[in-house]
Every structure is written in C-alpha cells, then in structure tokens.
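Notebook open, cysteines on the list for today. I want to see which ones pair up and which do not.

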Amino acid sequence: MNFVAIILTLLGVMAGVQESLPSRYFKSKGHHGRKAENEPPFTEKYFSQIVDHFNFNSMGNGTFNQRYLITEKYWDRKNGPIFFYTGNEGDIWDFALNSGFITELAEQQRALVIFAEHRYYGKSLPFGQESFNIPQVGLLTVEQALADFALLISQLKQELGASNCPVIVFGGSYGGMLSAYMRQRYPNLVAGALAASAPVLSTAGMGDPRQFFRDVTSDFEGYAPECSAAVRGAFQRVQDLAEHQAYDRLQSAFALCKKPSSPGDVRQLKGFLRNAFTLLAMLDYPYSTHFWGDMPAHPVKVACEAMLSGPDLLANLRNTSGIVYNSTGEQTCFDLYSLYVECADPTGCGLGSNSLAWDYQACTEIELCYESNNVTDMFPAMTFTPAERLAYCSKRWGVTPRPGWLRTQYWGDALSTASNIIYSNGDLDPWANGGVRTSLSPSVVAINITDGAHHLDLRGSNDADPVSVISARKTEANLIAQWVAMERLRLK
C-alpha cells in the first residue's frame with residue numbers, strides 16, 4: 001500500500017534506446033534532498049527500545065535504537081499537550097517534513113511535538129543489516145510497533161516531567177491506522193487520535209478488491225472521461241503488441257533500457273505503468289510537492305493533458321509515466337525492475353529496504369488483495385487473489401498470511417465502540433473508500449474533504465488549499481482542543 005512513503009530513488013541507467021524520455025513536466029523547483037513546505041526545528045534522537053515486547057525468553061530484554069524527532073519550540077511545559085506522530089512505512093524525516101499541520105497546531109495549542117519512526121523502517125532496524133533475514137524479520141508486526149510507541153511515550157513523559165500532559169496521536173495512511181489503533185489499544189496513554197486517510201476497513205479484509213483501482217480511474221474520469229478512455233486504449237495497444245511478441249516495439253515505445261522478452265516482462269511493464277497512475281491519483285495536490293519525488297501541481301490534470309496530447313497513445317502513456325519516474329528529467333531510459341518492484345501490495349511497495357519491510361507486512365497482517373479488471377477500471381486485468389498472496393508470501397518470506405487478523409485485533413466491524421478518533425479522508429484519494437466515511441458516534445468522527453488527496457489535511461497550510469481542507473483542519477483543531485481539556489481534568 002503506498003499508503004506508503006515511496007521515495008523514488010531513480011537510478012541512472014544505460015542509454016541506447018530509440019526515443020529519449022520527455023522532461024517538460026518535470027523540472028525541479030530547486031528542491032534537493034529533504035526540503036519541505038516549512039522545515040520544522042526538529043532534533044533527531046534515539047531511544048533504547050525493547051526488541052520483543054511479548055516474549056521474555058526469545059530476546060530477553062534486548063534493545064535496539066529507535067529513532068525519533070522532537071521539538072519543544074512551541075511547548076508550554078505547564079499546560080501544553082504532546083502531539084505524537086505514529087511513524088509508518090518510511091524514513092521518519094519524510095513524514096515530519098510533510099506534515100506541517102501538526103507543527104502549526106502545536107504553535108496554536110502550545111504542544112510538544114514528537115515524530116517516532118516505525119521499527120524496521122528508516123534507521124530503526126532492530127538487527128541492523130540482518131533485520132530482513134528470516135527469522136529476524138518476524139518481529140515486524142503492528143502489535144510490536146504500537147508497543148514501541150507506548151513505551152516511548154511513557155518514558156519521554158517521565159523524562160520530561162510531563163506526566164500530566166495529554167497525548168494526542170496523529171498519522172497518515174498506514175500511520176493513520178496506527179494512530180487509531182493506539183487510541184483503541186492504549187487509551188490510558190492516548191487521549192485522542194487523528195487518523196488521516198487511514199484504510200482501516202479494506203486492510204482488514206472488509207473491502208471490495210475492485211475498489212482501489214476503480215477509484216484511481218474515477219479521478220482521471222473526473223478530469224475528463226476521454227482521459228480514462230485514452231489510458232484504456234493505450235493499455236490495449238500494449239496488450240496487442242505483447243500478443244504479437246513485438247518486444248522491439250515495446251522497448252522503443254516506452255524507452256526501456258532492456259528489451260522485454262517474456263510474458264513476465266510484459267506483466268512487469270503493466271505493473272510499472274499502473275503504479276504511476278496510482279501515485280498520480282494519491283498525490284493529486286493543488287500545488288507542487290516533493291514528498292514522493294517531485295510532483296507538479298494537479299498531477300492528474302497534467303497526466304490527462306499528456307494522455308490527450310496527440311494520436312500516439314503509447315508515446316502519451318510513456319510521457320505520463322515519466323511524470324512519476326522521470327521527475328528530474330535526467331533519465332535516459334526506464335529500467336523496469338529497478339523503478340518498480342512487484343510485491344504483496346498491488347498498489348506498490350516502493351524501493352529499497354523500506355519496500356522489504358512493507359512487503360513482509362503485506363504478507364502477514366495487512367490485507368491488500370486489490371485487483372484491476374479492465375471493466376470497472378481503465379487498467380489491464382491483473383489479479384491478486386488470496387490464493388496468489390499465499391503462494392507469493394510462502395515463497396518469499398516463508399509465511400502464511402492471516403486473513404481477518406486486523407479485523408479481530410482492532411475492532412474492524414465495531415469501531416463505534418471506540419472514542420475520540422477522527423477519520424479524515426479526501427474524495428480524490430483512492431484509499432478513502434477503504435476507510436471510515438461516516439461518523440460512527442459523537443466522538444468517532446468522519447471528516448470528508450472535497451478535492452482532497454492523500455492526507456492533505458496533515459500537510460501545512462498553502463495558498464492553494466481548497467476551502468474544504470481549511471474547514472477540516474479547523475474542525476480537527478477544535479476537537480483536539482476539547483480532548484486535551486477533558487484529559488487534563490482526568491489527569492488532575
């Protein structure tokens with residue numbers, strides 16, 4: 001799920017293809033490395049974290065260094081709350097530098113801010129370079145991650161003399177799931193949660209496997225029906241060439257570094273192209289961003305303009321994928337197997353060691369059996385059934401997935417019994433309909449954001465923000481202030 005932070009490390013690869021890659025959409029705005037909307041004043045620290053919270057024999061009290069970021073810049077030590085971000089599938093700096101709403105709210109409510117990195121991601125590797133070996137990877141679970149956060153909160157409150165400071169947790173995408181789970185599992189520590197773009201239902205096996213790619217398609221149809229028709233036509237042309245084994249033509253049309261030579265290579269090409277549309281839909285912000293590569297403002301609009309730019313559908317499809325895979329304009333050709341890795345998440349696992357961690361989670365607790373079918377969506381028919389998931393995960397990690405586990409562990413069909421949770425979703429986000437779209441009680445509140453992409457409300461304020469997200473942030477701020485006030489009374 002790239003509710004994942006996919007940091008696209010685009011590799012320089014060999015030239016020698018017949019057509020160069022276009023770059024007119026993709027010029028960098030001078031952002032290099034970690035630049036963000038407003039760079040917050042965080043200090044990077046490490047916490048000696050328990051390796052295995054639930055087995056006293058296997059690891060004893062063995063520890064690893066868990067990274068976290070902290071700023072006291074806005075904190076009123078006497079009365080200020082603690083805002084705690086539950087890190088998800090990536091480097092914690094990437095989330096801290098793209099979640100400006102949290103620091104803006106901290107300034108208003110005089111809060112201490114902490115961003116905690118998830119075990120097995122970024123630099124928080126329990127076994128160093130051996131973390132993704134079997135059996136070491138087996139301690140990568142949702143339950144262990146939540147226990148990490150709980151222990152970190154408890155210890156930091158004690159060290160900082162903040163025992164009477166209410167804690168509010170925040171998270172986006174998988175991190176949003178974790179923030180909701182923290183409120184459910186540790187209500188003694190957490191007074192409330194903002195779960196932005198959190199697909200708590202679909203990842204618990206309670207969704208329609210067709211929903212995700214249907215909703216990606218809807219974003220492009222929403223811009224122009226002829227846009228999705230052009231995408232469908234381009235993929236059909238790919239299929240026609242593949243059936244005739246016209247691999248030279250496919251290499252030329254898509255500026256591939258290596259000529260496809262098998263049905264497996266063609267499937268990889270289709271997944272590579274489909275993944276580009278997934279990211280464009282998720283990141284359809286009204287301004288340029290530099291979170292998952294460099295994205296232009298309104299990337300779905302830019303993509304549709306590319307798809308409708310002329311009669312050559314294959315060239316248009318190549319140019320559209322370049323918005324994602326050639327954002328720097330520096331690539332001379334596309335290396336299919338370096339830029340996209342097929343895994344247990346059909347929406348993409350990303351690249352590097354973070355992709356290994358997410359692949360393992362998608363093979364165990366988190367259910368991501370999404371499919372495209374070329375009927376309810378514009379993509380080629382590509383299945384990922386529970387049986388296919390089982391076969392892949394057994395071969396790759398030696399594990400058997402556990403369907404329904406998140407539903408059992410985290411109240412999948414009884415979320416109304418929780419309290420003090422905000423589920424926010426944008427209607428442009430293909431993850432939205434895998435989450436909570438209707439308020440379940442006065443304190444389990446759903447906020448729907450018109451023209452909002454993936455956890456737009458967590459991003460910092462921008463002049464291009466739609467009115468809907470400005471209103472959503474105000475509602476969130478008011479609810480959080482109420483929860484903080486209630487918790488202060490309880491603690492006193």
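I start with the rule I used: a disulfide is a pair of cysteine sulfur atoms within 2.5 Å. Chemically, a disulfide is a covalent bond between the sulfur atoms of two cysteines.

Ground rules next. I am working on a predicted model, where local features need pLDDT of at least 70, side-chain atom pairs count only at pLDDT 80 or more, and totals for chains, interfaces and linings use all residues. Residues are numbered from 1 along each chain as its sequence is written, and side-chain values use heavy atoms, with hydrogens and water left out.

**Entry 1, the count.** How many disulfides does the rule give? I get 4. Counting bonded cysteines along the chain, I read the pattern as 1-3, 2-4, 5-6, 7-8.

**Entry 2, Cys 257 and Cys 333.** I found the sulfur atoms of Cys 257 and Cys 333 2.1 Å apart, a disulfide. This pair links distant parts of the chain, 76 residues apart: Cys 257 sits in the loop between α7 (247–254) and α8 (263–282), and Cys 333 in the loop between α10 (313–325) and α11 (336–339). For the labels, helices are DSSP runs (H or I, at least four residues) numbered from the N terminus. The torsion about the S-S bond of Cys 257 and Cys 333 is about 100 degrees, so I note this disulfide as right-handed. Are the two cysteines buried or exposed? Both Cys 257 and Cys 333 are buried, where buried means under 20% relative accessible area (1.4 Å probe, protein chains only).

**Entry 3, Cys 343 and Cys 349.** Here I have another disulfide, with S to S at 2.1 Å. Its S-S torsion is about 100 degrees, so the link of Cys 343 and Cys 349 is right-handed. I looked up burial too: Cys 343 is buried at a relative accessible area of 7%, and Cys 349 is buried at 7%.

**Entry 4, Cys 363 and Cys 393.** The sulfur atoms of this disulfide are 2.0 Å apart. I get -85 degrees about the S-S bond, and the link is left-handed. It ties together distant parts of the chain, with Cys 363 in helix α12 (residues 352–364) and Cys 393 in helix α13 (residues 386–397), 30 residues apart. Both Cys 363 and Cys 393 are buried.

**Entry 5, Cys 369.** Why does Cys 369 have no bond to Cys 393? The Cys 369 sulfur is 8.3 Å from the closest cysteine sulfur, in Cys 393, and that is too far for a bond. I also noted that Cys 369 is buried, with a relative accessible area of 18%.

**Entry 6, Cys 165.** I checked burial here and found Cys 165 buried, at a relative accessible area of 4%.

Terms used
Helix = DSSP H or I, 4+ residues; strand = E, 2+ residues; numbered from the N terminus. Buried < 20%, exposed > 50% of the residue type's maximum accessible area, 1.4 Å probe, protein only.
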